[in-house]
Amino acid sequence: MAWRPGGSYPWCTMTGLTEYILGVSGSVLLAVWVALLIAAVALFRRRDRIPGRPGWLAARCRTGTPTGLALTAAVLTLATSAWSLALVTFSVVHHTGLALDDPRVLAFVTGHRAPWLTSLAKALTWLGSGLVLWPVAIIAGLGLWRWRRHWLPAVLPALALAGSWAGSLLIKGLVGRPRPPAADRLTVVHSWSYPSEHAAQALATWGMLALMLMAGRSARARALLAAGATLIAFVVGLTRVYLGAHWMTDVLGGWALAGVWDCLLIICYLLAPQGAAPPERQAPATVYRKAA
């Protein structure tokens, strides 16, 4: 009955089976995230009662250690980003789900264009271009090297940019999705449409730079850095749809790709041995590693 044409089961076709698996896996990821948050709050309130050798769950939720809550959050964010990338890519390839809303979203955006918004979008979209991001990554790397005195934090923004650029080009070639109609475009674009290279590069680069700048800063400063990077990536994604360069799902796929790549880099950073810092840098370096 499961394979009978027109059957009522969600797995009656291979496409339906894949959608069903993605839906179930998303629910599982959400449940794991909620469980982690509950466990972290419970352990934080009982931190004075935790013995010297905490259990496996307590160790995964412990703050102040690279292999504690920071690594757990990075792994779960990686899983969530990978699931999102798979879901959006499947939707684009098979023209189902979110991809069905792309024409309506583009029609809504093109119907609400204004001259001042167009000029602003054309300016802000450069925040996701490699022509802007490569100088930013290089200059930021030099500054991080002077501040941190360690090569790994200094090269992470450039690695984030390079990986998101290469990953987007690879997926573009594999998927081969056409761009929105030329009549709706307000900018010159080349190559395939999915995923958005600008969206991926913006989130990967600005996000990684914000993470590297959180060292030794207050909770408010870290929140502002994270919010700033998120806002830049969000605005760049909006400009790509507004200018008619990408479909909505192209932007969502670019963000998911950036999440996957940045989480992989952060996991490698947290697990990598940290070299000894000069005496005047040791205290900030400790705080920096905890903040990561």
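Me: How should the accessibility of Asp101 be read: is this residue buried, exposed or partly exposed?
Reply: The model is a predicted one. The label follows from the relative accessible area, with buried meaning under 20% and exposed over 50%. Asp101 has a relative accessible area of 28%, so Asp101 is partly exposed. Its salt-bridge partner Arg104 is exposed, at 56%. The N to O distance between the two side chains is 2.2 Å.

Me: How many salt bridges does the structure hold?
Reply: Side chains of opposite charge can pair when their charged atoms come close. In this structure there are 3 salt bridges. The pair of Asp101 and Arg104 is one of them.

Me: Which side chain meets that of Asp102 in a salt bridge, and which parts of the chain does the pair tie together?
Reply: The partner is Arg177, with 2.6 Å from N to O. Asp102 belongs to helix H4 (residues 102-110), while Arg177 sits in the loop between helix H7 (151-175) and helix H8 (197-212), so the salt bridge ties together parts that are 75 residues apart in sequence.

Me: Are Asp102 and Arg177 buried or exposed?
Reply: The same cut-off of 20% decides both cases. Asp102 has a relative accessible area of 1% and is therefore buried. Arg177 is likewise buried, with a value of 11%.

Me: Which other acidic side chain meets Arg177 in a salt bridge, and where does that residue lie?
Reply: Arg177 also forms a salt bridge with Asp250, at 2.7 Å from N to O. Asp250 is found in helix H10 (residues 248-271), and the pair again links distant parts of the chain, 73 residues apart. Asp250 has a relative accessible area of 0%, so Asp250 counts as buried. Taken together, Asp102, Arg177 and Asp250 are linked in a network of salt bridges.

Me: How is an aromatic pair read, and how many does the structure hold?
Reply: A pair of aromatic rings is described by the distance of the centres and the angle of the planes. The structure holds 1 aromatic pair. It joins Phe234 and Trp255: the ring centres are 6.1 Å apart and the planes stand at 25°, so the pair is stacked. Phe234 lies in helix H9 and Trp255 in helix H10, 21 residues apart, and the pair links these distant parts of the chain. Both rings belong to partly exposed residues, with Phe234 at 43% relative accessibility and Trp255 at 21%.

Me: Over which ring does the charged end of Arg113 sit?
Reply: The charged end of Arg113 sits over the ring of Tyr242, at 5.7 Å from the ring centre.

Me: Where does Thr239 lie, and which residues beyond its sequence neighbours are in contact with Thr239?
Reply: Thr239 is part of helix H9 (residues 219-242). With a relative accessibility of 4%, Thr239 counts as buried. Once neighbours within four places in sequence are set aside, its contacts are Ala121, Leu124 and Thr125. The C-alpha atom of Thr239 is 8.7 Å from that of Thr118, a residue 121 places away along the chain.

Me: Which backbone oxygen lies 2.6 Å from a polar atom of the Thr239 side chain?
Reply: That backbone oxygen belongs to Val236.

Definitions and conventions. Residues numbered from 1 in each chain as written. Predicted model: local features only at pLDDT ≥ 70, side-chain atom pairs only at ≥ 80, totals over all residues. Heavy atoms only, no water. Salt bridge = Lys/Arg side-chain N within 4 Å of Asp/Glu carboxyl O. Buried < 20%, exposed > 50% of the residue type's maximum accessible area, 1.4 Å probe, protein only. Helix = DSSP H or I, 4+ residues; strand = E, 2+ residues; numbered from the N terminus. Contact = heavy atoms within 4.5 Å. Polar contact = N/O pair within 3.5 Å; in protein donor to acceptor, adjacent residues only side chain to side chain. Phe/Tyr/Trp six-rings, centres within 6.5 Å; stacked < 30°, edge-to-face > 60°. Lys NZ or Arg CZ within 6 Å of the ring centre and 35° of its normal.
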